Amino acid sequence: MDANGILIAIDASQAAEQVVQYVAQIIRGNQNCRVVLLHVPGPMPSKMLQHADTGRSRAAEQAPASRTDSDAAWRQEVARMIQPVFTRAQAVLRQSHIPDHAVQTQISMPMSGHNLDMGILEAAQQHACGTIVVGRGTFSWLREFVEPHVADKLIQAEHGEAIWVVPESNADR
């Protein structure tokens with residue numbers, strides 16, 4: 001595994017921007033570092049799934065096409081929404097003298113039954129990244145009781161990557 005490969009899991013949150021800034025400070029000027037900016041969207045919105053299901057009930061032979069069309073539309077929407085986030089993250093890394101060719105972006109669509117943490121781990125292995133960096137936004141106590149944070153899941157998973165968890169800054173509060 002390449003110890004210089006760093007996978008940063010990002011979304012459109014303030015915490016994700018802080019993660020990118022943190023990593024940029026740590027690797028500033030490192031010409032041998034590779035960075036993968038990864039976005040794993042949540043599941044397809046139910047509105048789009050309902051549209052695909054409506055097509056399925058109209059004609060059985062049209063169902064696969066309807067589902068494929070919905071998947072394609074959702075993928076395009078995800079790509080459109082995350083592109084400005086990727087652009088800002090790339091600019092932050094560029095300002096820290098990380099070469100453009102060393103920064104890669106990827107949208108990893110979740111496979112059926114896979115969680116966010118599994119998508120992140122699979123992408124890290126696919127890109128041979130020895131380090132995974134995630135933000136840790138503040139969860140309400142109730143949400144944390146019901147659903148463990150992705151950072152906790154990554155730390156508990158058996159894998160060979162180092163996990164950096166960047167806490168949400170209190171500077172903006």
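These legends go with a set of close-up views of one predicted model.

**View 1. The whole chain, six helices and five strands.**
Walking from the N terminus, the elements come in the order β-α-β-α-α-β-α-β-α-α-β. The chain has 173 residues, and buried ones make up 38% of them. Its exposed surface comes to about 10200 Å², with carbon and sulfur atoms supplying 52% of that area. If you like contact maps, take the contacts between residues at least 6 apart in sequence: 77% of them join residues at least 24 apart.

**View 2. The largest nonpolar core, with 22 residues.**
Which residues have the most contacts inside this core? They are Ile8, Ile10, Ile27, Val35, Leu37 and Leu93. Strand E1 (2-9), helix H1 (14-27), strand E2 (34-39) and helix H3 (63-95) each give two or more residues to the core. H1 brings the largest share, with six residues. There is also a second, separate core of 15 residues, and Ala9, Ala124, Cys129 and Ile132 are among its members.

**View 3. Leu37 and the residues around it.**
Zoom in on Leu37, one of the residues with the most contacts inside the largest nonpolar core. Leaving aside residues up to four places away in sequence, Leu37 touches Ile8 and Ile10, then Phe86, Ala89, Gln90 and Leu93, and finally Val103, Gln104, Thr105 and Gln106.

**View 4. Helix H1, from end to end.**
H1 has 14 residues and spans 20 Å from first C-alpha to last, close to the 20 Å expected at 1.5 Å a residue. Its buried residues are Ala15, Ala16, Gln18, Val19, Val20, Val23, Ala24 and Ile27. Of these, Ile27 also appears among the residues with the most contacts in the largest nonpolar core. After the helix comes Gly29, with a positive phi near 75°.

**View 5. Strand E2 beside strand E3.**
Why call E2 largely enclosed by the rest of the structure? Because five of its six residues are buried. E2 and E3 run parallel and are joined by five bridges. One pair to look for is His39, which stands opposite Ile107 in E3.

**View 6. Strand E4 beside strand E5.**
Seven of the eight residues of E4 (residues 129-136) are buried, so this strand is largely enclosed by the rest of the structure. Its partner here is E5 (residues 162-167), which runs parallel to E4 and is joined to it by six bridges. Arg136 has Pro167 of E5 opposite it.

**View 7. His149, in the loop between H5 and H6.**
The loop holding His149 lies between helix H5 (141-146) and helix H6 (150-156). Is His149 buried or exposed? Its relative accessible area is 5%, so His149 counts as buried. Keep Arg136 in the frame too: 13 residues separate Arg136 and His149 along the chain, and their C-alpha atoms are 7.6 Å apart.

**View 8. Helix H4 and Ala128.**
H4 covers residues 116-126, and its buried residues are Asp117, Gly119, Ile120, Leu121, Ala123 and Ala124. One of these, Ala124, is also in the second core. Ala128 follows the helix and lies in the loop between H4 and E4. Although Ala128 is not a glycine, its phi is positive, at about 55°. With a relative accessible area of 30%, Ala128 is partly exposed.

**View 9. His97, with a positive phi.**
Where does His97 sit? Look in the loop between H3 and strand E3 (103-107). The phi of His97 is near 65°, a positive value in a residue other than glycine.

**View 10. Cys33 and Cys129, two cysteines without a bond between them.**
A search of the whole structure finds zero disulfides. Why do Cys33 and Cys129 not pair up? The closest cysteine sulfur to that of Cys33 is in Cys129, and at 9.0 Å it is too far for a bond. For comparison, the cut-off for a disulfide is sulfur atoms within 2.5 Å. Both side chains sit in covered positions: Cys33 is buried at 3% relative accessibility, and Cys129 is buried at 0%. Cys129 also belongs to the second core.

Technical notes
Residues numbered from 1 in each chain as written. Predicted model: local features only at pLDDT ≥ 70, side-chain atom pairs only at ≥ 80, totals over all residues. Heavy atoms only, no water. Buried < 20%, exposed > 50% of the residue type's maximum accessible area, 1.4 Å probe, protein only. Helix = DSSP H or I, 4+ residues; strand = E, 2+ residues; numbered from the N terminus. Contact = heavy atoms within 4.5 Å. Areas by Shrake-Rupley, 256 points an atom, 1.4 Å probe, with all protein chains shown as cover. Core = buried A, V, L, I, M, F, W, Y, C linked by side-chain atoms within 4.5 Å. Pairing = 2+ DSSP bridges. Expected span 1.5 Å × (residues − 1).
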